[in-house]
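This report introduces a molecular structure to a reader who has not met it before. Please consult the sequence and the three-dimensional view shown here while reading.

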Amino acid sequence: MNPDWDGLWVYLSGSPLLGLTATLLIYSLSVQLYERLGRPGYLHPVATAIAVLASGLLLFGIEYQHYFAGAQFVHFLLGPATVALAVPLYQQLGKLRQMALPVAVALLTGILITLSSALLIASVLGADELVQRSLLAKSVTTPVAMGISQAIGGIPSLTACVVIATGIFGAVIGPGLMSRCGIRDPAVQGVALGSAAHGVGTARGFQLNVEMGSFAVWRWLYPLCLAVYWCLGWCDFGGKCEGAGSNKANFDASSSGLGTENQGIDVLCGSKITILYFCYQKFLLCLI
Amino acid sequence: MVGVKQEQGDKRLERINGLIVLLLFQLAGESISLLSRVPIPGPVIGMLLLLFALWLRRRPVAALERTAETLLRHLALLFVPAGVGIVLYLELLQDSWLPIVTVIVLGTVSTLLATGWVLQWLLAKPWRRRL
């Protein structure tokens, strides 16, 4: 009897089983490869896994929606994981109190620089507005960044990739660059790494130098960034909020096409967000 | 005997109870986010609520800590599905790869140096005595 390979493939490519198995399997393999080769920064397992899975989808012509039907079970855990960030943050509070003020000021500067540079460069080089919004959210840790990106009308998937790429790039060049520019204190380097390259940068920091307390400080970023984004958002969002119910419901996991909402958001954000956004842009351009 | 069983049962339920706490806080966060129309993602509000609750309690919660640790140890895995979503935007990437790459490179370099220099300046001696 001739097995029906085509039938099997049709069944598998439509069922959640394949997407879920592939995600876990490829991630596990990427981690093993990364460990085996001595944790080189450029081979970060998330980047490898995304690259392999994305090429796989393109190669086999599998639609993202079908893949996501399985991968959504993993994706859903981002919500509880974001909430879980409160636990390490709470554990660090004591240590952070000593250095709180200088670090807070430095991080705030870092965030403003990140935001301004993203806006400036993207608008000077003429990036799509959708891309600009996605880039704006990039300096926070990935789960938070994706939420913000969705909230300000960007593309969460693009933001996730940009955040990961930023983290890897920052972690690879960070220590060398800073030493060359006269920043030698490991504690200061740690904070800067955490600010520019968040999670990946922090991991790299631990690897280079065990001044744990100071490296752990990056966790301060979340509340701080939120404050900044919230201020930005608060001005911008008047126009959007009337229709926000449907978008928000979609923030976590429920939308299988992560991007399908974006056109909707674009229309909704129309008036106020655009005006204020461009005022901010113009203001920054005036400064040069 | 019963005591031992009870203890095992508690241990076995530990992760589940931890997950329940996380989900409840996320639920609260999502509800607040939707009802108040504040533009902060629900899970983030949940995180702030949980932080506040932990701060009020001032005692470590073993079940929660273990669940959080398990989830966060594999945090990187959770970005993979969303990251793969990039396949939907290949055209967009093709059109605007230059700004994206430039933002990543210049943005990261400027953020690293700015944060580093500012912190170094703030931690320098004359300031340190006061802070």
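The paragraphs below take up the basis of the model, its chains, the contact between them and the core.

**Basis of the model**

This is a predicted model, in which local features need pLDDT of at least 70 and side-chain atom pairs count only at pLDDT 80 or more, while totals for chains, interfaces and linings use all residues. Residues are numbered from 1 along each chain as its sequence is written, and chains are lettered from A and ligands numbered from 1 in the order in which they are written. The predictor assigns the complex an ipTM of 0.80 and a pTM of 0.70. Confidence in each residue is expressed as pLDDT, on a scale from 0 to 100. For chain B the mean pLDDT is 79, with 85% of its residues at 70 or more. Among the elements of chain B, H2(B) has the highest mean pLDDT (86), and helix H7 (residues 125-128) of chain B the lowest (56).

**Chain A**

Chain A contains 15 helices and zero strands; helices (H or I, at least four residues) and strands (E, at least two) are DSSP runs, numbered from the N terminus. Of its 288 residues, 49% count as buried. A residue is buried if 20 or more other C-beta atoms lie within 10 Å of its own, exposed if 12 or fewer, and partly exposed in between, with C-beta atoms placed from the backbone.

Helix H7 (residues 129-136) of chain A is mostly covered, as seven of its eight residues are buried. Among them are Arg133(A), Gln132(A) and Leu136(A). Ala196(A) belongs to helix H10 (residues 186-208) of chain A. Ala196(A) is buried because 32 other C-beta atoms lie within 10 Å. Its C-alpha atom is separated by 8.6 Å from that of Ala171(A), 25 residues apart along the chain.

**Annotated spans**

In unreviewed UniProt entries, "transmembrane region" covers residues 12-30, 42-62, 68-89, 101-127 and 147-174 of chain A and residues 16-34, 40-58, 70-90 and 96-123 of chain B. Such positions are given in the numbering used here, with feature names shortened, and annotations may be inferred rather than shown by experiment. The table describes some of these spans.

| Span | Helix | Strand | Distance between end C-alpha atoms |
|---|---|---|---|
| Residues 42-62 of chain A | 76% | 0% | 27 Å |
| Residues 101-127 of chain A | 89% | 0% | 36 Å |
| Residues 70-90 of chain B | 67% | 0% | 34 Å |
| Residues 96-123 of chain B | 100% | 0% | 40 Å |

**Contact between the chains**

The contact takes 94 residues from chain A and 68 residues from chain B; two residues are in contact if their C-beta atoms, placed from the backbone, lie within 7 Å. On the side of chain B that touches chain A, H6(B) gives the most, with 27 residues. This side divides into 50 nonpolar, 15 polar and three charged residues. Here Ala, Val, Leu, Ile, Met, Phe, Trp, Tyr, Cys and Pro count as nonpolar, Asp, Glu, Lys and Arg as charged, and the others, Gly among them, as polar.

**The largest core**

A nonpolar core is a set of buried Ala, Val, Leu, Ile, Met, Phe, Trp, Tyr and Cys residues joined through C-beta atoms within 7 Å. The largest has 92 residues, and those with the most contacts inside it are Ala86(A) and Val80(B). Helix H6 (residues 86-124) of chain A gives the most to this core, with 14 residues. Leaving aside residues up to four places away in sequence, Ala86(A) touches Met47(B), Leu50(B), Leu51(B) and Leu54(B).

How values were computed:
pLDDT = per-residue confidence, 0-100.
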